[in-house]
Amino acid sequence: MVFMRFRPQPIFSSLCRLPKPARTLAAPPLAAARRRFPAAPLSSSCSHMASASPSEDALRRALAERQAAVDAQAEAVRALKASGAQAGVDAAVEALKALKVEAGAAARRLQAAVGSGGGAAREELRQVIVNTLERKLFYIPSFKIYRGVAGLYDYGPPGCAVKSNVLASWRQHFVLEENMLEVDCPCVTPEIVLKASGHVEKFTDLMVKDEKTGTCYRADHLLKDFCKEKLEKDLTLSPEKAAEFKHVLAVLDDLSPEELGAKIKDYGIVAPDTKNPLSDPYPFNLMFQTSIGPTGLSVGYMRPETAQGIFVNFKDLYYYNGQKLPFAAAQIGQAFRNEISPRQGLLRVREFTLAEIEHFVDPEDKSHPKFADVADLEFLMFPRELQLSGDSAKLMKLAEAVSKGIVNNETLGYFIGRVYLFLTQLGIDKGRLRFRQHLPNEMAHYAADCWDAEIECSYGWIECVGIADRSAYDLKAHSEKSGVPLVAHEKFAKPREVEKLVIVPSKKDLGLAFKGNQKMVVEALEAMSEKEAMDMKAALDSKGETNFQVCTLGKDVVITKKMVSISMEKKMEHQRVFTPSVIEPSFGIGRIIYCLFEHSFYTRPSKSEEEQLNVFRFPPIVAPIKCTVFPLVKNQEFDDAAKVLDKELTAAGISHIIDTTGISIGRRYARTDEIGVPFAVTVDSATEVTIRERDSKQQVRVGIDEVASVVKELTEGQSNWADISFKYPSHIGPQGDQE
């Protein structure tokens with residue numbers, strides 16, 4: 001995964017890394033839900049590049065002008081009263097009142113503009129969804145009877161089922177359909193592995209402490225929250241000050257510890273709970289450290305990602321695959337990050353599930369044989385050029401993005417397309433999904449290109465999948481540390497004369513010049529392209545020294561001729577030995593599931609319209625329970641028929657619930673709609689039943705011996721509701737339906 005402050009890129013802001021779709025069911029009536037919970041509009045800017053809109057600037061200036069007029073008129077009224085002159089006082093007071101009315105109107109217009117993201121409505125929607133999820137035991141805080149631990153959650157029965165279904169879909173969509181090699185590696189990782197990857201040294205966030213209580217906070221979160229609150233709630237901000245806060249948000253990830261600390265002091269930011277002063281920011285390593293074995297001498301860590309287990313097994317996987325490239329390895333597993341201040345529910349936690357793919361490819365040929373399958377997909381893309389110009393994401397065809405070089409290569413583009421198909425087939429709203437390209441300041445020096453699949457929810461745009469071309473960095477790092485060459489071979493039909501770039505850094509001279517930064521300078525030199533290396537050689541030959549940008553240091557350094565040897569050498573070779581590049585899609589499963597919860601939720605009025613009923617419109621493929629079986633009334637004949645259906649559905653592998661409670665059929669429907677069950681079977685005879693579809697509430701009449709096969713077809717995507725409605729006679733629901 002790519003390093004941004006060395007945190008894995010795909011997920012939780014970090015390292016810079018289906019079967020045939022079920023037909024979408026008839027759209028549910030959302031008007032009432034939208035009146036109650038207005039849909040959040042697509043953001044016009046990303047969190048990294050917020051830009052002030054001209055209308056907001058104009059409104060802030062207008063308010064400032066009106067407030068200045070109010071202050072001036074108030075001063076005039078006070079002067080008239082102090083002079084004792086009664087003439088003109090009444091008129092001046094009336095003018096003051098009118099100016100206050102205008103200022104109030106200007107303030108309301110500005111409030112509407114800065115609050116156009118629907119913050120209050122989003123918060124209300126989130127609370128309703130989270131309350132429903134916890135009440136229905138989708139997930140709950142871990143160790144709740146002991147008041148819980150921040151950043152740890154338990155999945156209950158329906159949550160486990162949704163997670164299991166999402167992972168099964170992921171395996172089908174990627175591992176099976178792409179012929180990937182799946183592995184399962186330990187969570188406990190020896191220190192040497194994570195030293196090679198860079199995690200021990202750089203997997204950090206900047207932390208500040210309450211100087212009196214010792215409570216810890218993540219420094220960038222405090223600054224981000226302060227700026228956002230000022231922009232959203234302080235209507236007296238001048239346009240210039242608003243622009244300053246937006247600029248801080250745009251460059252937040254780029255601030256050094258000193259710059260971050262200076263901003264916190266300049267803005268007077270204090271501990272949120274106690275208002276006590278804060279310490280200067282300092283790095284905190286996010287890995288959980290442990291010891292392996294009873295002596296305590298062998299240091300280990302709980303893995304912060306699953307990728308390293310794949311990299312260290314490359315040699316064996318390559319031979320298992322017949323020494324052929326390209327190939328991909330995949331892993332699903334738990335990862336651990338000791339977050340400083342976990343928040344936002346499932347979005348930022350200390351233990352979570354990752355599903356990661358490492359696709360190994362020849363760096364000289366990153367074409368993909370199946371790219372044509374996704375080339376015509378069109379979806380929201382947010383290239384860095386649009387971000388830097390302050391524009392919005394725009395619809396773009398994947399073929400166009402690759403052909404224009406916006407996406408670096410076909411293999412990276414292919415996986416972007418496959419990720420899009422996977423997320424939308426799960427039920428993620430296409431209009432609230434975008435692919436954002438990393439800005440230059442977010443990418444590690446070795447990365448060729450990085451994109452995040454971001455999903456919009458009530459918390460804003462959330463990075464849920466990272467898709468990165470990490471070049472050959474990871475395999476080279478482990479080769480150097482372990483002494484085992486992690487390389488691939490291309491055998492030639494007959495020997496070839498090849499010209500090879502040879503870069504030999506002088507570690508002694510670089511060490512004397514750069515001391516503790518020597519390793520980063522060496523890595524940057526070795527990662528140069530042929531053009532960069534030859535340009536440097538020309539500069540060194542002519543001037544004896546040259547400036548060289550080291551991205552990991554964030555600055556230019558001076559390289560002299562004795563620090564590095566660069567040459568092109570001709571050799572006869574029988575085979576080409578090279579380190580493969582890696583294309584890495586990395587999925588934060590918990591984040592995807594939470595966004596799916598929000599995208600699937602809506603409310604609709606009950607039949608009496610006296611209450612709003614909660615519904616999760618999960619696609620059948622991810623629904624926790626595929627169908628429910630309801631005997632219409634308590635009746636031995638109906639109960640016996642329900643038992644027959646229970647056996648047949650179980651034999652067909654269909655998860656279901658038998659509900660024989662005596663409450664009305666309408667309330668039973670509502671109860672299962674609230675956990676997202678897509679189909680309900682009502683038993684009202686020994687030979688025929690009705691099957692009801694959740695969102696349209698339409699019903700069809702089906703023979704009891706056909707129920708299991710019909711539900712299986714629907715839940716596996718072999719048929720859709722329109723097919724079933726055409727094939728079987730429709731049925732009007734019972735009069736007792738209280739929906």
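**Exercise 1. Where does K697 lie?**

Start with the ground rules. This is a predicted model, where local features need pLDDT of at least 70, side-chain atom pairs count only at pLDDT 80 or more, and totals for chains, interfaces and linings use all residues. Residues are numbered from 1 along each chain as its sequence is written, and side-chain values use heavy atoms, with hydrogens and water left out.

Step 1: K697 sits in the loop between β27 (688–693) and β28 (699–703). Helices (H or I, at least four residues) and strands (E, at least two) are DSSP runs, numbered from the N terminus.

Step 2: check the backbone. K697 isn't a glycine, yet its phi is positive, about 65°.

Step 3: check the surface. K697 has a relative accessible area of 33%, so it is partly exposed. The cut-offs are under 20% relative accessible area for buried, over 50% for exposed, and partly exposed in between (1.4 Å probe, protein chains only).

**Exercise 2. Work out the backbone quirks at P326 and Q344.**

Step 1: P326 is in the loop between α12 (314–320) and β10 (327–336). The peptide bond joining L325 and P326 is cis, with omega about -5°.

Step 2: Q344 belongs to the loop between β10 and β11 (351–361). Its phi is positive, near 65°, and Q344 is not glycine. Q344 counts as partly exposed because its relative accessibility is 26%.

**Exercise 3. Find out what surrounds the buried K626.**

Step 1: place K626 in the loop between β23 (612–616) and β24 (627–631).

Step 2: look for a salt bridge (a side-chain nitrogen of Lys or Arg within 4 Å of a carboxyl oxygen of Asp or Glu). K626 has none; the nearest side chain of opposite charge, E716, is 9.1 Å away. For charge, Lys and Arg count as positive and Asp and Glu as negative, while His and the chain ends are not counted.

Step 3: try the backbone. A polar atom of the K626 side chain lies 3.3 Å from the backbone oxygen of I621.

Step 4: list contacts (heavy atoms within 4.5 Å). Leaving aside neighbours within four places in sequence, K626 touches several residues, including N165, I654, V677 and F679.

**Exercise 4. Follow the salt bridges through the chain.**

Step 1: the count comes to 41 salt bridges.

Step 2: take E364 and R576, whose side chains meet at 3.6 Å, N to O. This pair links distant parts of the chain, 212 residues apart: E364 is in the loop between β11 and β12 (378–382), and R576 is in strand β20 (residues 564–578). E364 counts as exposed at 64% relative accessibility, whereas R576 is buried at 12%.

Step 3: R432 and E456 form another bridge at 3.7 Å, N to O. R432 lies in the loop between α15 (410–426) and β14 (433–437) and E456 in strand β15 (residues 449–457), so their pairing ties together parts 24 residues apart in sequence. R432 is buried with 18% relative accessible area, and E456 is buried with 0%.

Step 4: bridges that share partners join D205, R218, D220, E339 and R348 into one network. Within that group, the side chains of D220 and R218 meet at 2.8 Å, N to O. D220 is buried with a relative accessible area of 4%, and R218 counts as buried at 3%.

Definitions and conventions: Polar contact = N/O pair within 3.5 Å; in protein donor to acceptor, adjacent residues only side chain to side chain.
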